[in-house]
Amino acid sequence: MPVPTIYYLRHGETEWNALGRLQGTKDIPLNARGRDQAVQAGGILGDLFKREGRDKAALPYVSSPLGRARQTMELARGRLDLPVADYALDDRLREIGYGSWEGLTLAESEAADPEIYARRLVDKWTVGPAGGETYADVQVRVRAWYEQLRTDIVAVAHGGTCRALMVSLGLETPASAAELYIEQGAVYVFREGRLEKFS
């Protein structure tokens with residue numbers, strides 16, 4: 001069976017992104033820059049589809065249920081001249097849960113929980129804060145989402161879920177993926193065992 005191509009967008013910037021606060025499952029809306037990034041990503045997607053001779057309306061679109069991802073999806077679809085609300089949601093694409101660290105900066109997380117913070121510096125993939133998830137947990141649910149794909153798809157989600165997908169597909173190691181910056185306003189294309197970024 002052919003491997004599905006995934007056109008992957010990270011949501012645009014929020015105020016908490018700008019302030020360096022861990023969002024996790026908290027529903028923080030896009031800021032003005034984030035809205036611009038979402039429109040920009042829609043434009044990049046449109047150009048890609050044109051070059052590849054793809055019908056933008058024929059592909060399924062799916063988003064994380066968190067508001068920042070949904071806003072990004074709707075702005076990107078608007079830029080593509082597609083009905084903004086015509087997409088699915090999948091909870092497996094939600095961001096990594098940071099538990100007791102949600103809303104905190106890294107410095108505040110370290111002050112609140114120095115032992116876990118120090119362990120996580122050494123092993124970001126399998127260590128998580130109280131009440132939160134690890135990247136290994138996210139990898140399991142993102143892999144389950146990927147395994148049920150039967151066709152090429154456009155997905156809007158988060159930096160954490162993108163890292164987990166990269167590791168799931170053997171494109172990065174847990175150690176390398178944990179340190180990667182996932183760009184906002186760009187389109188990541190997972191295709192035939194490779195990853196390309198368009199920005």
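**Figure 1. Strands S5 and S6 are antiparallel and joined by 5 bridges.** The model shown here and in the other views is predicted. Across the S5 and S6 pairing, Arg-191 stands opposite Arg-194 in S6. The hairpin of S5 and S6 has 2 residues between the strands. In this hairpin, Glu-192 takes a positive phi near 50 degrees.

**Figure 2. Six strands form an open sheet with mixed pairing.** The strand order across this sheet of 6 strands is S3-S2-S4-S1-S5-S6. Its edges are strand S3 (88-89) and strand S6 (194-198), each of which pairs on one side only. In a regular strand, side chains alternate between the two faces of the sheet.

**Figure 3. Strands S2 and S4 run parallel.** Strand S2 covers residues 61-63 and strand S4 residues 153-157, and 3 bridges join them. Tyr-61 stands opposite Val-154 in S4.

**Figure 4. Helix H7 lies across four strands of the sheet, namely S1, S4, S5 and S6.** Helix H7 is made up of residues 159-168. Strand S1 spans 6-10 and strand S5 spans 187-191. Relative to S1, helix H7 runs at about 145 degrees.

**Figure 5. Tyr-8 and Phe-190 form an edge-to-face aromatic pair.** The count of aromatic pairs in the model comes to 4. In the pair formed by Tyr-8 and Phe-190, the rings are 6.1 Å apart centre to centre, with 70 degrees between the planes. Planes over 60 degrees apart count as edge-to-face. Tyr-8 belongs to strand S1 and Phe-190 to strand S5, so this pair ties together parts that are 182 residues apart in sequence.

**Figure 6. Helices H2 and H3 pack at an angle of about 45 degrees.** Two packed helices are described by the angle between their axes and the distance between the axes. Helix H2 covers residues 32-52 and helix H3 residues 67-79, and their axes are 7 Å apart. The angle of about 45 degrees makes H2 oblique to H3. The crossing of H2 and H3 is right-handed.

**Figure 7. Residues of H2 meet residues of H3 at the helix contact.** From H2, the contact takes in Arg-35, Ala-38, Val-39, Gly-42 and Gly-43. From H3, Thr-72, Leu-75, Ala-76 and Arg-79 meet them. The residues of the contact of H2 with H3 divide into 4 nonpolar, 3 polar and 2 charged.

Notes
Residues numbered from 1 in each chain as written. Predicted model: local features only at pLDDT ≥ 70, side-chain atom pairs only at ≥ 80, totals over all residues. Heavy atoms only, no water. Pairing = 2+ DSSP bridges. Contact = heavy atoms within 4.5 Å. Axes fitted to C-alpha atoms, helices over the stretch in contact; angles between N-to-C directions. Parallel < 35°, antiparallel > 145°, perpendicular 65-115°, else oblique. Left-handed = near helix turned anticlockwise from the far one by under 90°. Nonpolar A, V, L, I, M, F, W, Y, C, P; charged D, E, K, R; others polar. Phe/Tyr/Trp six-rings, centres within 6.5 Å; stacked < 30°, edge-to-face > 60°.
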